[in-house]
There are 2 protein chains.
Amino acid sequence: MQSKKKVAIVGSGLVGSLLAIYLRRKGHSVSVFDRRPDVRKVEFSGRSINLAMSNRGWKALREVGVEDEIRKLALPLEQRAMHVKDKPVYYQKYGAEGEAIYSISRGILNRKMIDLAEEAGAEFRFEEKVWDVDMPKAYLYTGATEKSKWKEYKFDLVFGADGAFSRVRHKMQRQSRFNYSQHFIDVGYKELSISANPDGSHKLNNASFHIWPRGNFMLIAMPNLDGSFTCTLFLPFEGDISFESIQTEKDADLFFETHFPDIKDEISNLKKDFFKNPTSAMVTIKCFPWSYFDKITLVGDSAHAIVPFYGQGMNAGFEDIWVLNQKMEKYGDDWQQIFEEYQTERKPNGDAIAELSYRNFVEMSSKTADPMFLLRKKIEKKFADAHPHSWTPLYSRVTFSDKSYSEALKIGDRQRDIMDEVMKMPDIMNKWDSEEVEQKILNYLNT
Amino acid sequence: MQSKKKVAIVGSGLVGSLLAIYLRRKGHSVSVFDRRPDVRKVEFSGRSINLAMSNRGWKALREVGVEDEIRKLALPLEQRAMHVKDKPVYYQKYGAEGEAIYSISRGILNRKMIDLAEEAGAEFRFEEKVWDVDMPKAYLYTGATEKSKWKEYKFDLVFGADGAFSRVRHKMQRQSRFNYSQHFIDVGYKELSISANPDGSHKLNNASFHIWPRGNFMLIAMPNLDGSFTCTLFLPFEGDISFESIQTEKDADLFFETHFPDIKDEISNLKKDFFKNPTSAMVTIKCFPWSYFDKITLVGDSAHAIVPFYGQGMNAGFEDIWVLNQKMEKYGDDWQQIFEEYQTERKPNGDAIAELSYRNFVEMSSKTADPMFLLRKKIEKKFADAHPHSWTPLYSRVTFSDKSYSEALKIGDRQRDIMDEVMKMPDIMNKWDSEEVEQKILNYLNT
């Protein structure tokens, strides 16, 4: 049991809302501040990528009894559907029988999470902008602008759940010895969509995550409950084939006709959406420390924003809350110890999933169309199926287990080194399913 | 020739003052803003490390005809004096005959640079705090506090010379796709001093940079013109032997008695200064882009703050100005092109000297007391003396040449790899000066 605290959460996104539910379950008074309007009352922006809920996310929802509510909003995807140019669609199972990732629209999920947090007794203060935090006191200052008169709120604890461009972190960053980095990739993204058939059914297989890999760019599509798909085009900002090079409707038309002829006509209002929807940037943010004594801590993207290519951003943020809860149960009112252990445990995992997500962009966009890469995956899968206790594929370890991300990265690197050696074996194309290859992997695993 | 511009420089430190001189020589109107008081009217803080002016710094001063004035403030140091515990002092020449680095007190140099910039016609606005920059317009906003009423200044160009914690960069950082990192090392530093003998002479050899290497910490001393030495203690913040572990005068006494018995009694007011002077942190800052169209650019530490272990922070900043001047001469009024080429050329060099400076801490504090490292240096020196055109030592390339830092890093890495192989030769301790070793290095250089 914990003594009741007056808690502020800055940010009403997915992680902030989930944290509000957790803290209300423990009996704390919870106020959630957001500079933006209530997402339930406005149209959701045309700049989001569908979410892929997986094991870590579900576990965190289950703990506070809201898993079933959320399951109703999600569609299970059990495989990748690879649309390699001029080839038939190729399917790859994500995991074992029954293992799937779950496609959810960010807008729909966020609205539901806020509903649930409100039902749990959290107060939401939308369109109230937090400009400053007095860290030693855990006071918040809000106002219309940075220079207007501010209102002071006294809290016992402040949680920064305010995303990649966190104001709470911005304040922490002014401390000496605060390490920080923001690194943007040279690729941007744009939301597009495929509408439902007139009968409400999906135009593509709705149990698949669809990918059109094209080297240094790609298109993806994830299904929604209403029969539509949310598509995301990932493309370099500058260069020969880039957002910069597509200036007119004719350019857009030619680009899709050349690179995505099989899906071009299915994309709704392609030329209109392409120019209406913003081109968004992607950033990896790392920092440390995440906490300030027993007063302040960062959760989710504000502590560890990552690029979206492993579908783990929300899952990692939800797992933060799950871990924070474990520490609360262990240490009760010792908030400094709670925050200290939370950041020590989570920081290396945040770094690991950042690295894995960054690497996965290269893998998804370029390697998935490479025959040697596909062969490599086939060898790995065959071995993993035959020796499930010796070889869990990296994707499964990240997505379907709750072992730490840093362990997944470490074991994944070991597996990569082994597979590098295997792929060097003479005539591997022909003997990939031989006993010799299997034995070679076993030998490596035993050294 | 350039059309006359109205230019603001934010920051009246060494780099800002030098830039003011350059821009005045070109006939521009120059206003220098600084949030701090005029350094000529206040006592200089007890938190600076003496500067080591070397070739790049002198070259930039020479170009605007102020080299001779500054030479008068500097003492040439031609060698390191290594004070390894329980051993006689060991001297290492920095370079060839006549090559030296020059010790200057930061306070004395900064005051002189401001005098020179004022003489050149620059206006200095001290204790005027810049809070915001309108980047597309090149307007500055100053005021007593961040929230007070601000004064607007209209300029044509703004230069951010406002150091590691630059406000100008802070504004640029809010742009999307601005890459940024700040990384603090776990070692802090504290200024101490050794006063002159009663007759005004130095208590230690005054043509040497003195180092007391002690593993993961060290003390250094650099001479001043008045017979004193400015000392700097570099020590981890936390841990067994750390600033944290020295809480009382007794602790300080014991620490110096144990680790620096030969110099302890020479340090003036040791116990008083140790607790009066602040413990400062050291940070590496990287960012990109440095410029905003034809309006804004960053110079010196605001673009590339580095740790002080190569003595290149000021030299790198001065070289920025020298390069900027080259671009001005090449492109005249095309400021966007000037800024673009400046940042493209300087960014990799900023990254290279950051890396070299970081590595040099390890080398200075721990390796300089390692016999194998000293042997390695001896082999390298012997070879370099015999084959001066084939082997310029890394330190000389950084300090006494004006070839780029990135080239120095690259060639330095190649030399390191060769020396790694040489040090693996059997019985190297005995045959280090043999023809076999010389031939081996020649062979490596030719592959």
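A polar contact is a pair of N or O atoms within 3.5 Å; inside protein, one atom must be able to donate a hydrogen and the other to accept it, and residues adjacent in sequence count only if both atoms belong to side chains. By that criterion, 11 residue pairs are in polar contact between chain B and chain A, with both members of each pair at pLDDT 80 or more. The structure under discussion is a predicted model, and the boundary between its chains is a suitable place to begin.

Helix H5 (167-172) and strand E13 (179-184) of chain B each provide at least two residues of the side of chain B that touches chain A. Of the elements on that side, E13(B) gives the most, with six residues. Sorted by class, the residues of chain B that face chain A comprise six nonpolar, eight polar and eight charged.

The extent of this interface may be stated in residues and in area. In total, 22 residues of chain B are in contact with 22 residues of chain A. About 1900 Å² is buried between chain B and chain A, and carbon and sulfur atoms give 37% of that area. Three residues, Lys147(B), Arg177(B) and Gln182(B), supply 37% of the area that chain B buries against chain A, which is more than any other three residues supply.

Ionic pairing is also present across the boundary, with a count of six salt bridges between chain B and chain A. Arg177(B), already named for its share of the buried area, forms a side-chain salt bridge with Glu238(A) at 3.1 Å, N to O.

The symmetry of the assembly comes next. A turn of 180° with a shift of 0.0 Å along the axis lays chain B on chain A with an RMSD of 0.0 Å. This is therefore the relation of a two-fold axis. The same surface serves both copies, in that 100% of the contact residues of chain B recur in chain A. Which residue of chain B comes closest to the rotation axis? It is Ser181(B), whose C-alpha lies at 1.9 Å from the axis. The numbering places Ser181(B) within the span of strand E13 (179-184) of chain B.

Within a single copy, the division into domains can be followed in chain A. Domain 1 is assembled from three segments (6-75 + 105-182 + 286-360), whereas domain 2 covers 185-281 and domain 3 covers 370-445. Taken over C-alpha atoms, the centres of domain 1 and domain 2 of chain A are separated by 30 Å. Their contact takes 17 residues from domain 1 of chain A and 16 residues from domain 2 of chain A.

The area buried between domain 1 and domain 2 of chain A is about 1400 Å², and carbon and sulfur atoms give 66% of it. Arg47(A), Asn50(A) and Leu75(A) supply 41% of the area that domain 1 of chain A buries against domain 2 of chain A, more than any other three residues. Between these two domains the count of salt bridges is zero, and two residue pairs are in polar contact, both at pLDDT 80 or more. The side of domain 1 of chain A that touches domain 2 of chain A has 10 nonpolar, five polar and two charged residues.

Over all chains, a search of the whole structure finds 80 salt bridges. One pair within chain A consists of Glu363(A) and Lys377(A), whose side chains meet at 3.6 Å, N to O. This pair links distant parts of the chain, with Glu363(A) in helix H10 (residues 335-365) and Lys377(A) in helix H11 (residues 371-386) of chain A, 14 residues apart.

Several backbone features complete the account. In chain A, the peptide bond from Phe288(A) to Pro289(A) is cis, with omega near 0°, and Pro289(A) is placed in the loop between strand E17 (280-288) and strand E18 (291-292). In chain B, a cis peptide bond joins Phe288(B) and Pro289(B), with omega about 0°; Pro289(B) lies in the loop between strand E18 (283-288) and strand E19 (291-292) of chain B.

Chain B also contains residues other than glycine with positive phi. Among them is Phe293(B), with phi near 45°, found in the loop between E19 and strand E20 (296-298) of chain B. Another is Asp427(B), which has a phi of about 65° and sits in the loop between helix H13 (405-423) and helix H14 (428-431) of chain B.

Conventions. Residues are numbered from 1 along each chain as its sequence is written. Chains are lettered from A and ligands numbered from 1 in the order in which they are written. This is a predicted model: local features need pLDDT of at least 70, side-chain atom pairs count only at pLDDT 80 or more; totals for chains, interfaces and linings use all residues. Side-chain values use heavy atoms; hydrogens and water are left out. Copies are superposed by least squares on the C-alpha atoms of residues with pLDDT of at least 70 in both. Contact means heavy atoms within 4.5 Å. Domain bounds come from an automatic or database domain assignment. Buried area is the accessible area (1.4 Å probe) that two parts lose on being put together, summed over both. A salt bridge is a side-chain nitrogen of Lys or Arg within 4 Å of a carboxyl oxygen of Asp or Glu. Ala, Val, Leu, Ile, Met, Phe, Trp, Tyr, Cys and Pro count as nonpolar, Asp, Glu, Lys and Arg as charged, and the others, Gly among them, as polar. Helices (H or I, at least four residues) and strands (E, at least two) are DSSP runs, numbered from the N terminus.
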